Amino acid sequence: MRAVRYHGPRQPLRLEELETPTPGPGDLLVRVTAASLCHTELHFLSGLLNLGVAPLTLGHEIVGRVERVGEGVPPGRVGERVIVYYYEGCGRCPHCLRGDENLCDALRAEHGFVTDGGFAEYVSVPARNAVPLPDGIADAEAAPIGCGVTTAVHAAALAQVGLGDWVVVYGAGAVGFGLVQVARLRGARVIAVGRTPAKLDVARALGAEAVVRAGAEDVADRVRAVTAGRGADVVFELVATRETMAASARALAKRGRLVFVGYSEDALEIHPIQLVVGEQIVTGVVGNTLAELEEAVELVATGRVKTVVDRVLPLERFQEGLDALAAGRLVGRAVLAP
Ligand SMILES: NC(=O)c1ccc[n+]([C@@H]2O[C@H](COP(=O)([O-])OP(=O)(O)OC[C@H]3O[C@@H](n4cnc5c(N)ncnc54)[C@H](OP(=O)(O)O)[C@@H]3O)[C@@H](O)[C@H]2O)c1
Ligand SMILES: [Zn+2]
Ligand SMILES: [Zn+2]
């Protein structure tokens, strides 16, 4: 099969021929039909995120058809349309026992991170990780649910976004579009921050009540103005550069939650006095649980959340997708169709 392989930090991804995996006991083989590029791919390439595993097939937003089943998996699953849950927890650590597989102390697999992922014609995953997709969501449209929407569902839950909260989504990209919609569904009022007008237009169409153009306006001042001086109850940081973190911190309300979803090479600098006086919380979120993936699929299937796809490319044109992502030219996801 053909696969797009990662060879470590600052090495280009390469299209290569590999053995098609054979599904082991309890696993099934998925013929990948759509796998989208997440910004995290760029962190792997720059070396900012280095999990020490190479060579590796990246891709953690994966949709396809079940082609074969391993021992012990019902043959009736062949032909099923599925989306992949990318974590495989140990099932026994305190985090797994609570359902927080994303925090597992002894992960068995993490597809597209330390285990082969979806930028390939086939991927073998545990049967439990292949979540059935209802009809009515096209493959390309479904792929960004795998991280884009699930991360939003998880982040909004952890930040306890609730009725009447003012929520800032700082970074109007793919995960940001998910957050705008999920925050709205939880009863919040949303301000989207970005630089590219076309992305802010999409954020507005998806439910952001106000949009702020970073660079053209002072972000924190505008957030204060829109919220009548209160500031944001929750800021989701999807960019996290020195400049955006400073603005995010200044935009935060009393008891506000500054939630890191994204990261850059820059470190956070915030004076504890601000946190003390305002009783503010700084936190991070990672990934999602299997239950949250199922919730995310349901949200999209019922039309309450939309994914945004900029373009669909054949596998061999992966570099075009990566370049467009790195240049900020994508409005939503680029999806590879192996
Ligand atoms: N924690 C997790 O589990 C998790 C999951 C998925 C992704 N992530 C991380 O979350 C971040 C976002 O991911 P994504 O896939 O949504 O990325 P993305 O699609 O590239 O979206 C990020 C957006 O931020 C905007 N932006 C960049 N610099 C900005 C600035 N200075 N001011 C305002 N907006 C700015 C860009 O749009 P403009 O053109 O408007 O600048 C870009 O579209 C990445 O760091 C990614 O690695 C984390
Ligand atoms: Zn991702
Ligand atoms: Zn575990």
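What follows is a chat about the metal sites and the ligand 1 site of this model.

Biologist: Before we start, what kind of model is this, and how are things numbered?
Modeller: It's a predicted model, where local features need pLDDT of at least 70, side-chain atom pairs count only at pLDDT 80 or more, and totals for chains, interfaces and linings use all residues. Residues are numbered from 1 along each chain as its sequence is written, chains are lettered from A and ligands numbered from 1 in the order in which they are written, and side-chain values use heavy atoms, with hydrogens and water left out.

Biologist: OK, which residues are the protein donors of the zinc ion that's ligand 2?
Modeller: Cys38 (SG), His60 (NE2) and Cys147 (SG), lying 2.0 to 2.3 Å from the ion. Donors here are N, O and S atoms within 2.8 Å of the metal (3.2 Å for Na, K and Ca); water is not among the atoms, so sites may look incomplete.

Biologist: How are those donor residues spaced in sequence?
Modeller: The pattern is C-x21-H-x86-C. Histidine 60 sits in the loop between β4 (56–57) and β5 (61–69), and cysteine 147 in the loop between α3 (139–142) and α4 (148–158), so this pair ties together parts that are 87 residues apart in sequence. Helices (H or I, at least four residues) and strands (E, at least two) are DSSP runs, numbered from the N terminus.

Biologist: Is histidine 60 buried or exposed?
Modeller: Buried, at a relative accessible area of 1%. Cysteine 147 is buried as well, at 7%. The cut-offs are under 20% relative accessible area for buried, over 50% for exposed and partly exposed in between (1.4 Å probe, protein chains only).

Biologist: And what holds the other zinc ion, ligand 3?
Modeller: Its protein donors are Cys90 (SG), Cys93 (SG), Cys96 (SG) and Cys104 (SG), 2.3 to 2.4 Å away. Their spacing in sequence is C-x2-C-x2-C-x7-C.

Biologist: Are those cysteines buried or exposed, say cysteine 90?
Modeller: Cysteine 90 is buried, with 12% relative accessible area, and cysteine 96 counts as buried at 13%.

Biologist: Switching to ligand 1: which residues come nearest?
Modeller: His39, Arg195, Thr196, Gly287 and Arg333, out of 28 residues around ligand 1 (a heavy atom within 4 Å).

Biologist: How far is histidine 39 from an oxygen atom of ligand 1?
Modeller: A polar side-chain atom of histidine 39 lies 2.7 Å from one. For arginine 333, a side-chain N or O atom is 2.7 Å from an oxygen atom of ligand 1, while alanine 174 has a backbone N or O atom 3.1 Å from an oxygen of the ligand.

How values were computed: A polar contact is a pair of N or O atoms within 3.5 Å; within protein, one must be able to donate a hydrogen and the other to accept it, and residues adjacent in sequence count only if both atoms are side-chain atoms.
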